[in-house]
Amino acid sequence: MLGLFSLAWSTACAEELEQRDAREYFFTQTFGDLPEELQVARDSDKLGMLLFFEAESCPYCQHMVRKVFSDQEVQDWYGERFVSIAIDIHGDVEMTDFDGVTLPSKIIADHRRVFLTPLMIFVDLEGNEAYRYLGMIRTPEEMLVLGEYIAGKHHYLMEYRTYAEKRGMQDEEGALMTPAGESE
């Protein structure tokens, strides 16, 4: 009986180790100066930036923060390649956009034509939008496939749907599926 308890306890501990606070470990703690953060990405030999546009009332955004961005493998993989910034599309936090203009985050979201969440914009090292993904990512596996799509520059060659399909991530009906898919 003790052995069974130990196994259950060690499995729970391992799962906890795989999950870390996304606000602390996935997103860069920032003062909202995007050109400065872009320079950090350049100086750190990263591929660019990931801007995650979210809304507090968005259940899909909350799912991604709790279930996807909290995954240690996702945090480590993206942390090596991108500076990741969360932006509240209804927020009043002052931010400096890539053009040097300082505005509330909700105005920056409007300026970038972000009206729905969750939305991720990948930005290259010159501050240009490289790729935009609208919609919820359900699992860490999906997030890693999306990252590989961007890091491998496949977004210049094919649509994400095609790439995901080639990676075995879509069913016959074209719906994205992953081994650890959850319904929420």
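Visitor: Which residues of H5 are buried?
Guide: Val-74, Gln-75, Trp-77 and Tyr-78 are the buried residues of H5. Please keep in mind that we are looking at a predicted model.

Visitor: What covers those buried residues of H5?
Guide: Their cover includes helix H2 (22-25), strand E1 (48-54) and H4, along with strand E2 (82-88), E5 and helix H7 (140-151).

Visitor: What makes Asp-71 a cap for the N-terminal end of H5?
Guide: One of its side-chain oxygens lies 3.1 Å from the backbone nitrogen of Glu-73. A polar contact needs an N or O pair within 3.5 Å, so this distance qualifies. Asp-71 itself sits in the loop between helix H4 (59-68) and helix H5 (72-81).

Visitor: Why is Asp-71 said to have no salt bridge?
Guide: Its nearest side chain of opposite charge is Arg-20, 8.4 Å away. The cut-off for a salt bridge is 4 Å, so Arg-20 does not qualify as a partner for Asp-71. Asp-71 is buried all the same, and beyond its sequence neighbours within four places it is in contact with Glu-18, Gln-19 and Pro-140.

Visitor: How do you know that Asp-76 and Arg-20 form a salt bridge?
Guide: Their side chains meet at 3.0 Å, N to O, and a salt bridge requires such a pair within 4 Å, so the name fits. Asp-76 belongs to helix H5 and Arg-20 to the loop between helix H1 (2-18) and H2, a separation of 56 residues.

Visitor: Why are Asp-76 and Arg-20 called partly exposed?
Guide: Asp-76 has a relative accessible area of 36%, and Arg-20 is at 22%. The range for partly exposed runs between 20% and 50%, so both residues fall inside it.

Visitor: What makes Arg-112 and Asp-97 count as buried?
Guide: Arg-112 has 14% relative accessibility, while Asp-97 has 3%. Buried means under 20%, so each of them meets the condition. Their side chains meet in a salt bridge at 3.2 Å, N to O. This pair connects the loop between H6 and E5, where Arg-112 lies, to the loop between strand E3 (94-96) and strand E4 (102-104), where Asp-97 lies.

Visitor: Why does the salt bridge of Arg-167 and Glu-148 tie together separate parts of the chain?
Guide: The two side chains meet at 2.2 Å, N to O. Arg-167 lies in the segment after helix H8 (160-166) and Glu-148 in helix H7, so the bridge joins parts that are 19 residues apart in sequence.

Visitor: How many salt bridges does the structure hold?
Guide: The structure holds seven salt bridges.

Visitor: Why does Asp-124 have no salt bridge?
Guide: Arg-42, its nearest side chain of opposite charge, is 7.1 Å away. With a cut-off of 4 Å, that distance does not make a salt bridge, so buried Asp-124 goes without one. The side chain of Asp-124 does reach the backbone nitrogen of Glu-126, at 2.9 Å. Asp-124 is placed in the loop between E5 and strand E6 (129-134).

Visitor: Finally, why is Phe-115 called exposed?
Guide: Its relative accessible area is 59%, and exposed means over 50%, so Phe-115 earns the word. Phe-115 is found in the loop between helix H6 (105-111) and strand E5 (119-123). With Leu-116 and Leu-134, Phe-115 forms a nonpolar patch on the surface, and together they have about 350 Å² of accessible area.

Note on methods: Residues numbered from 1 in each chain as written. Predicted model: local features only at pLDDT ≥ 70, side-chain atom pairs only at ≥ 80, totals over all residues. Heavy atoms only, no water. Patch = residues over 30% accessible without salt bridge, like charges linked within 9 Å, V, L, I, M, F, W, Y side chains within 5 Å. Areas by Shrake-Rupley, 256 points an atom, 1.4 Å probe, with all protein chains shown as cover. Helix = DSSP H or I, 4+ residues; strand = E, 2+ residues; numbered from the N terminus. Buried < 20%, exposed > 50% of the residue type's maximum accessible area, 1.4 Å probe, protein only. Lys, Arg positive; Asp, Glu negative; His and termini not counted. Polar contact = N/O pair within 3.5 Å; in protein donor to acceptor, adjacent residues only side chain to side chain. Contact = heavy atoms within 4.5 Å.
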